[in-house]
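Let's walk through this structure together, one region at a time. Have the sequence and the 3D view open as you read.

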Amino acid sequence: MPSKHMTSRQQAIVRILTAMAGNPVTIGAVSEKLGVSSRTVLRELPAIEAWMDENDFTFTRKPGVGLAIEEDAATIQLLNDLMKTQQSDSSYSQKERRRQILGELLFLREPVKSYVFLSRFQISEGTLARDLDALAGWLDAYKIQISRRPGAGIFLKGSETAYRQAIAGAALEFMGDGEILKLLRRSDDAGAPSYQPQEETAGSKLLKNRLYQFIEPQVITFVEQILSETEKKLDIRYTDSGYMALIVHLSLAIRRLRCGEKIEMDPLELQSLAKLPEFAVASQIAGKISSKFQLEIPAEETGFITMHLSSARIWPRSGRPRSQLQTINTRQIVLAIVESVEQQLGLSFHTCTQMIEELTSHMDSMISRLSMNIHLENSQGDTIRQKYPAIYQAVEHACSLLRERLFIENISASEITFVTMHFAAAAETLRAEQKQVAVAVVCPSGMGASRMLAANLMRSLHNVEIRQIMSAFHLDPEKLRENGIDLIISTVPLDLDFPSICVSPIPQAQDMLVITNAVESIGADRAKKSLTKPLLPDTSNEMTWEDIRSFTRTGEEISQLLEHFRIQEIPAIQGPENLLGLAAGIFAETILERQITGQDLARREEVQNTFIPELGIYLLHCRTKAVRHCRFGFLLLKETFATENGTVRGAILLLAPQSEWNECIEVISRISVLLAEQPDFLAALLRGDRDESRRLMEKALVRFFQNKLLNRKGEETL
């Protein structure tokens, strides 16, 4: 059944064709115009054809000629007008996709089958799993868990309080204060919101639609009225953001109370809330809600209202001392500071998740100190202000904007410096990352040529961060983008909708020029668009049982490789085919193992010839069922032979088991790195000096094991 709407990419293809007034356009020209591969364009054509057929337009594909829409000018104009009225189901960004998934789970309150999300967003099960993992972290702050049960579906588990907090939190955090305030305004007649932005994201649109179901216009009117009355009657004042948050929370509470959803609260917590000055205000509001909607308001609901009055920062209008209030809305204050500093300095601080969390914690204690007129000196104040004057000024400006919001008359230079230190640390990280291009290094197996190429790149280029080394057969453009990869540097040509270049495992001058140009182009484009890469999530240094198992496997593979290392001298042979057959038998204990190894090596050679002319050796390697542990050997030719690519002096043989464990590949790949970094190692192999070769191997592998252990602890050896 044809799709009702075309995606934004499909519409872009159609617009290119309509602009050519019926003249055929090649697929190559379309792909170049859109900046995607020809294969990507081909994948979109069936959906375009179905849409065209459904809407009675003539779309033709002529092999060897191109694509065309064969209609007159009036019909072409009709087609363009029709596309403008279509709601484009554009490719969702990761952020927008996760917003929609969160909205569905929060508001439906029933299991959702995974295929609903897989089909809607056209994503893999792995991508959905990563999205749910990320949302689980967000929901954890509200004490809500995501349950994923095969057959049952995906659903959330948490208390009624948690659900209310999360629904309001999603709106407040994802949509922004200003947009929520406009959203809550309604027309005079039908009660629909009068605010209609020209452009809005799919995620924001979803949350708005869901909020309309939960927040009725007449309820909003009532809530605004009682908040205004309590301000006057009780001589209090709400901050702007607190006022807006209260409208959301109270409207949600009224809706859910009318649906029979009630809050449960620990008696001790309720007693604690009852001692706050906000409890009296909450009681007034609860009484008005009860009278208006004929609802019985339990004491727990009054406690719930008290919590949100505290977060709304209610202050006496007079100059009487303020009481210490619970600060559950501190994150919104921090996000406002971050936005202000970001606008002044042009650095994307909103991507610095760890900094925001740490600053939120700091601001909690800072606000308490300031409210009680307690001052804390900063011994690094002068140094920070001298080293980071622009950041200090931006933070000072942001804090001055918040003085009125927090009703704090004075924020000292010492306190501003503490906040500046958080931003300065994040700025150093952002600026360092802006200069680097994140690279994935690729070869057919991910264990031979790619490791050698990576070693050469790390030695030659300082503005390249090698973030992944992987097989060409396991490339997923979506996953690469999610991991912040900018460029693939491969030893084999790739037909992939992702920036990539192909070079030799030992880059020559022309290869380095290609790499440099690609890296500089990405850097220039990033600067032009003012983009920054997302920061990698922080990892814990706490040792786990799985770490111990990994170290054990690594140690075992290193021992196996060193114990079974062989140099085998080979008499005169006629060509590469004989070399491959001899290599297959070095570690084979049976005829079957030799056949399996030979077949696996041959398949690898069919993908790409592994001869390295600069070294005069073959780098024979593969995964195979014929071995249970890593194996490394060297075939030393007594007589060299010539090929069209150069003279062959010998062959490296690297075998890895077909195991799910990465430790095998990590260990055996160190041999490829050793060849690139240690010329003495290859020289010893070519001399047939087993003892020296093994000594150099052992030294490199022991250093690798030490680094793996120390890196887990956040250290590194030289």
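A good place to begin is with the cysteines: the count of disulfides in this predicted model comes to zero. For context, a disulfide is a covalent bond between the sulfur atoms of two cysteines. Two cysteines are worth finding in the view. Cys352 is buried, with a relative accessibility of 1%, and Cys443 is buried too, at 0%.

Salt bridges are another matter, for the count here is 15. One of them joins the side chains of Asp131 and Arg97, with N to O at 2.5 Å. What does this pair tie together? Asp131 sits in helix 7 (residues 125–140) and Arg97 in helix 5 (residues 94–108), so the bridge links parts that are 34 residues apart in sequence. Both partners, Asp131 and Arg97, are buried. They also belong to a wider network of salt bridges, which links Arg97, Arg98, Arg130, Asp131, Glu478 and Glu482.

Now turn to the far end of the numbering for two further pairs. Arg687 forms a salt bridge with Asp689, and their closest N and O atoms are 3.6 Å apart. Arg687 is exposed, with a relative accessible area of 54%, while Asp689 counts as partly exposed at 28%. Arg695 forms a salt bridge with Glu692, where the closest N and O atoms are 2.8 Å apart. These two residues are three apart in helix 29 (residues 690–712), a separation of about one helical turn. An α-helix has 3.6 residues a turn, so residues three or four places apart point the same way. Arg695 is partly exposed at 43% relative accessibility, and Glu692 is partly exposed at 25%.

Helix 14 (residues 278–293) lets you check helix geometry for yourself. At 1.5 Å a residue, its 16 residues should span 22 Å, and the C-alpha atoms at its ends are 22 Å apart, which agrees. Which residues of helix 14 are buried? They are Glu278, Phe279, Val281, Ala282, Ile285, Ala286, Ile289 and Phe293. Looking down the axis of helix 14, you will find these buried residues within an arc of 150°, so they line one face of the helix. Just after helix 14 comes Gln294, with a positive phi near 50°.

Moving back towards the start of the chain, look at the hairpin of strand 1 and strand 2. Strand 1 (residues 59–62) and strand 2 pair in the antiparallel sense over four bridges, and Lys62 stands opposite Gly66 in strand 2. Three residues lie between the strands of this hairpin, and Gly64 has a positive phi near 80°. In a regular strand the side chains alternate between the two faces of the sheet. In strand 2 (residues 66–69), Gly66 and Ala68 point one way and Leu67 and Ile69 the other way, and all are buried. A little earlier in the chain, Val41 is found in helix 3 (residues 38–54), and Val41 is buried at 1% relative accessibility. Val41 and Gly28 are 13 residues apart in sequence, and their C-alpha atoms are 8.7 Å apart in space.

Next, follow an open sheet of five strands, arranged in the order 11-14-15-13-12 with mixed pairing. Its edge strands are strand 11 (566–570) and strand 12 (611–612), each pairing on one side only. Within the sheet, strand 13 (residues 617–624) and strand 15 (residues 646–657) pair in the parallel sense over eight bridges. Arg623 stands opposite Ala656 in strand 15.

That sheet leads on to the largest nonpolar core, which has 35 residues; those with the most contacts inside it are Leu561, Phe632, Ile652, Phe681 and Met697. Which elements each supply at least two residues of this core? They are helix 21 (449–460), helix 24 (545–563), strand 13, strand 14 (631–643), strand 15, helix 27 (663–677), helix 28 (679–687) and helix 29. Helix 27 gives the most to this core, with nine residues. As a general background, nonpolar side chains tend to be buried together in soluble globular proteins.

Methods:
Residues numbered from 1 in each chain as written. Predicted model: local features only at pLDDT ≥ 70, side-chain atom pairs only at ≥ 80, totals over all residues. Heavy atoms only, no water. Salt bridge = Lys/Arg side-chain N within 4 Å of Asp/Glu carboxyl O. Buried < 20%, exposed > 50% of the residue type's maximum accessible area, 1.4 Å probe, protein only. Expected span 1.5 Å × (residues − 1). Arc of directions from axis to C-beta. Disulfide = S-S within 2.5 Å. Pairing = 2+ DSSP bridges. Core = buried A, V, L, I, M, F, W, Y, C linked by side-chain atoms within 4.5 Å.
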